[in-house]
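Biologist: I am new to this structure. Could you show me how to read it, one feature at a time?

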Amino acid sequence: MASQDPRGNEIERLASSLARLPGLGPRSARRAVLWLVKRRDTALVDLLASLTAVQESLVECQVCGNVDTSDPCHVCADPRRDQRSICVVEDVADLWALDRAKLYTGRYHVLGGRLSALDGVGPEDLAIGSLLARVEEGGIDEVVLAMNATLEGQTTAHYIAERLEERPVRVTQLAHGLPVGGELDYMDEGTLAQALRARRPVG
Amino acid sequence: MALDRIRLADFRNHAATRLEGAGRFNLLIGPNGAGKTNVLEALSLLAPGRGLRRAQLSDIPREGAHGGFAVGADLVSGVTPVRIGTALRADNPGRRIVQASGAPLPATRLAEWLSVTWLTPAMDRLFTDSAGGRRRFLDRMVLALRPDHAAHSTRYDKALRERNRLMGGDARPDAGWLDALEKEMAEAGALIAQGRAETVARLAEAIAAVPDGPFAQPELRVEPAAPADAGELVELWRAGRAADRGAGRTLAGPHRDDLSVTMAGTGRAAAECSTGEQKAMLIAITLAHAELAAGSRPLVLLLDEVAAHLDPVRRAVLYERLAATGAQIWMTGTETEPFASLPERPAAWRVTSGEAVPL
Ligand SMILES: Nc1ncnc2c1ncn2[C@@H]1O[C@H](COP(=O)(O)OP(=O)(O)OP(=O)(O)O)[C@@H](O)[C@H]1O
Ligand SMILES: [Mg+2]
Ligand SMILES: [Zn+2]
């Protein structure tokens with residue numbers, strides 16, 4: 001006789017959604033669900049409320065491509081940040097990683113990916129036009145290319161550096177003392193700080 | 001010493017094989033089809049790449065088992081052994097995972113820990129087959145001297161595949177994108193070419209230093225298909241874009257390099273030498289390389305069916321020179337007799353139907 005799962009379908013669904021979160025997996029997800037079920041009147045309600053609030057207010061920043069609860073995002077709207085420097089990253093996750101380290105005081109530009117012929121991602125699929133437009137508008141002194149050290153990341157960095165060649169901005173690149181193939185997202189803050197401090201001109 | 005406490009799980013015909021008490025010389029003795037070469041293949045996967053059979057990962061898991069495999073070994077050098085291993089998990093059959101000291105590691109970085117090289121019967125055709133096999137043979141030797149070589153090769157191959165995709169596509173490739181890719185290719189390509197040139201130069205020196213022995217002396221030369229300078233490579237690819245677009249791929253570059261081998265004295269191309277002479281030159285190259293490589297990192301040398309095909313004089317010289325390299329040697333054979341002249345007592349196992357028992 002087939003044994004019947006004692007848990008209902010909804011609980012099973014929650015566990016399987018949580019299991020997909022990076023770093024979680026089925027086992028931890030089951031543990032989290034159990035924890036939530038036990039605290040259904042407090043923690044579960046609270047989690048539900050914050051999830052709904054985030055879901056309702058998430059927007060993409062029209063300036064830099066960051067995902068935040070306001071447009072422009074809190075970084076672009078912050079008057080204390082250096083308006084003359086733009087740091088270009090592949091994904092929102094990289095922006096968050098860099099910003100968590102609180103080392104860079106300028107603003108960002110999210111490309112939304114990296115050049116990859118094999119994955120069918122070309123220049124027109126990335127937010128390169130809007131980056132050029134921001135530089136074109138003027139008032140920018142430096143563009144920091146903070147792509148990952150992967151082949152695709154570095155190809156994208158070369159590509160953007162070339163497109164910026166004729167413009168009156170200084171183009172620098174993170175010093176990759178980073179492991180080859182390294183992803184920004186996974187780097188500790190010490191390594192990031194070093195990479196940022198030692199950034200060098202591209203050419 | 002290098003590898004010990006070796007464990008194979010569901011690796012080809014080995015369900016659960018353990019080899020303990022390895023020494024400098026290690027013998028795997030057993031009948032045809034017993035699983036001797038399979039053990040060597042398992043050890044060859046403790047290096048970057050596809051191992052000595054260049055097998056598809058999906059061919060390796062033991063038939064009838066659950067679809068994954070694991071190979072583990074203690075790397076004994078220094079005070080504390082390091083456990084290294086590689087495995088294929090049934091739920092992720094596309095990618096072999098590699099670990100050192102319990103932490104995951106890109107396969108290319110295995111080369112920082114140890115070098116593994118091999119001679120197999122399939123390599124008897126190395127000089128007559130296509131350049132690809134010779135390039136891989138050379139690259140394995142480079143890797144033992146320059147552990148970064150695998151990372152440069154991976155990066156170059158990836159960039160090359162990207163460029164080929166652009167060249168073979170329907171749309172006219174974006175010139176700026178090509179510029180960017182070619183820069184990456186040139187940086188990695190120059191390092192690859194320099195690694196090959198340096199290795200061949202050092203090998204030639206080491207071979208020349210060996211007194212005329214029973215093994216035919218080879219003369220080695222890289223036949224480069226492209227310059228070894230990053231700036232010149234960029235020029236080459238830029239100038240070649242129209243032709244490459246026509247061909248749908250990148251026609252020139254270090255991915256077309258070849259290794260040329262001729263017999264010293266006669267100057268005859270290796271491909272035109274006798275089978276025995278070709279084998280002797282391969283052995284001479286392997287020995288010279290082992291002497292060069294064993295100094296820096298532990299070197300593991302896998303010699304599949306090498307001893308049985310040599311006459312007793314050459315066999316004795318081979319053993320003596322192997323002993324002098326400091327490498328760990330793994331040899332296979334159907335019987336123990338050809339190993340009687342080893343200069344020291346080997347560790348030996350009898351292999352039958354996927355099981356190994358100490359002899
Ligand atoms: N994935 C697999 N699962 C089970 N058995 C396999 C697998 N792949 C290969 N084999 C078997 O392993 C055996 C070959 O082993 P191996 O090549 O190591 O033999 P060997 O001892 O080197 O023999 P020889 O002396 O003939 O070279 C063959 O019988 C082959 O069918
Ligand atoms: Mg065999
Ligand atoms: Zn913004």
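Modeller: Start with burial. A residue is buried if 20 or more other C-beta atoms lie within 10 Å of its own, exposed if 12 or fewer, and partly exposed in between. This is a predicted model. In chain A, buried residues make up 28% of the 203 residues.

Biologist: What does chain A contain in the way of helices and strands?

Modeller: Chain A has 8 helices and 7 strands. Look also at how its contacts reach along the sequence. Take the contacts in chain A between residues at least 6 apart: 54% of them join residues at least 24 apart.

Biologist: Where can I see one such pairing, seen from Val169(A)?

Modeller: Val169(A) and Asp141(A) are 28 residues apart in sequence, yet their C-alpha atoms are 5.0 Å apart in space. Val169(A) sits in the loop between α7 (151-163) and β6 (170-173) of chain A. Beyond residues up to four places away in sequence, Val169(A) touches Val135(A), Ile140(A), Asp141(A), Glu142(A), Val143(A) and Leu164(A).

Biologist: Why does Val169(A) count as partly exposed?

Modeller: Count the neighbours. Val169(A) has 17 other C-beta atoms within 10 Å, so it is partly exposed. Asp78(A) is also partly exposed, because it has 13 C-beta neighbours inside 10 Å. Asp78(A) lies in the loop between α4 and β3 (85-89) of chain A. From Asp78(A) to Arg107(A) is 29 residues in sequence and 9.2 Å in space, C-alpha to C-alpha.

Biologist: And chain B? Which residues does Arg89(B) touch?

Modeller: Setting aside residues up to four places away in sequence, Arg89(B) touches Gly68(B) and Ile97(B). The C-alpha atoms of Arg89(B) and Gly68(B) are separated by 4.7 Å, with their positions 21 residues apart along the chain. Arg89(B) belongs to strand β5 (residues 82-89) of chain B. With 14 other C-beta atoms within 10 Å, Arg89(B) is partly exposed.

Biologist: How do I read two helices that pack together?

Modeller: Two packed helices are described by the angle between their axes and the distance between the axes. Try helix α2 (residues 131-145) and helix α4 (residues 175-209) of chain B: their axes come within 9 Å and cross at roughly 85°. That crossing makes α2(B) roughly perpendicular to α4(B). On the α2(B) side, the contact is made by Leu138(B), Met141(B), Val142(B) and Leu145(B). On the α4(B) side, Gly195(B), Arg196(B) and Thr199(B) take part. The residues of this contact divide into 4 nonpolar, 2 polar and 1 charged.

Biologist: What should I look for in the interior?

Modeller: In soluble globular proteins, nonpolar side chains tend to be buried together. Here the largest nonpolar core has 88 residues. Those with the most contacts inside this core include Leu43(B), Met281(B), Val300(B) and Trp330(B). Helix α7 (residues 275-293) of chain B gives the most to this core, with 10 residues. Leu43(B) makes a good stop. Leaving aside neighbours within four places in sequence, Leu43(B) is in contact with Leu3(B), Val116(B), Val300(B), Leu302(B) and Trp330(B). A second, separate core has 54 residues, including Val144(A), Val171(A), Ala180(B) and Leu191(B).

Biologist: How many residues of chain A are in contact with chain B?

Modeller: On chain A, 15 residues are in contact with 17 residues of chain B. The chain A side divides into 7 nonpolar, 6 polar and 2 charged residues.

Biologist: Which residues come nearest to ligand 1?

Modeller: There are 16 residues around ligand 1, and Asn13(B), Asn32(B), Lys36(B), Thr37(B) and Asn38(B) come nearest. The shell divides into 3 nonpolar, 8 polar and 5 charged residues.

Biologist: Which backbone details deserve a look?

Modeller: Check omega and phi. The peptide bond from Asp71(A) to Pro72(A) is cis, with omega near -5°. Pro72(A) is in the loop between β2 (67-68) and α4 (74-77) of chain A. Now phi. Lys102(A) is not a glycine, although its phi is positive, about 50°. Lys102(A) lies in the loop between α5 (92-100) and β4 (107-110) of chain A.

Biologist: Is Lys102(A) buried or exposed?

Modeller: Lys102(A) counts as exposed, because it has 9 C-beta neighbours inside 10 Å. Ser353(B), a residue other than glycine, has a positive phi near 40°. Find Ser353(B) in the loop between β13 (347-352) and β14 (355-358) of chain B. With 12 C-beta neighbours inside 10 Å, Ser353(B) counts as exposed.

How values were computed:
Residues are numbered from 1 along each chain as its sequence is written. Chains are lettered from A and ligands numbered from 1 in the order in which they are written. This is a predicted model: local features need pLDDT of at least 70, side-chain atom pairs count only at pLDDT 80 or more; totals for chains, interfaces and linings use all residues. A residue is near a molecule or strand if its C-beta atom, placed from the backbone, lies within 6 Å of it. Ala, Val, Leu, Ile, Met, Phe, Trp, Tyr, Cys and Pro count as nonpolar, Asp, Glu, Lys and Arg as charged, and the others, Gly among them, as polar. Two residues are in contact if their C-beta atoms, placed from the backbone, lie within 7 Å. Helices (H or I, at least four residues) and strands (E, at least two) are DSSP runs, numbered from the N terminus. Axes are lines fitted to C-alpha atoms, for helices over the stretch in contact, and angles run from 0 to 180 degrees between N-to-C directions. Angles under 35 degrees count as roughly parallel, over 145 as roughly antiparallel, 65 to 115 as roughly perpendicular and the rest as oblique. A nonpolar core is a set of buried Ala, Val, Leu, Ile, Met, Phe, Trp, Tyr and Cys residues joined through C-beta atoms within 7 Å.
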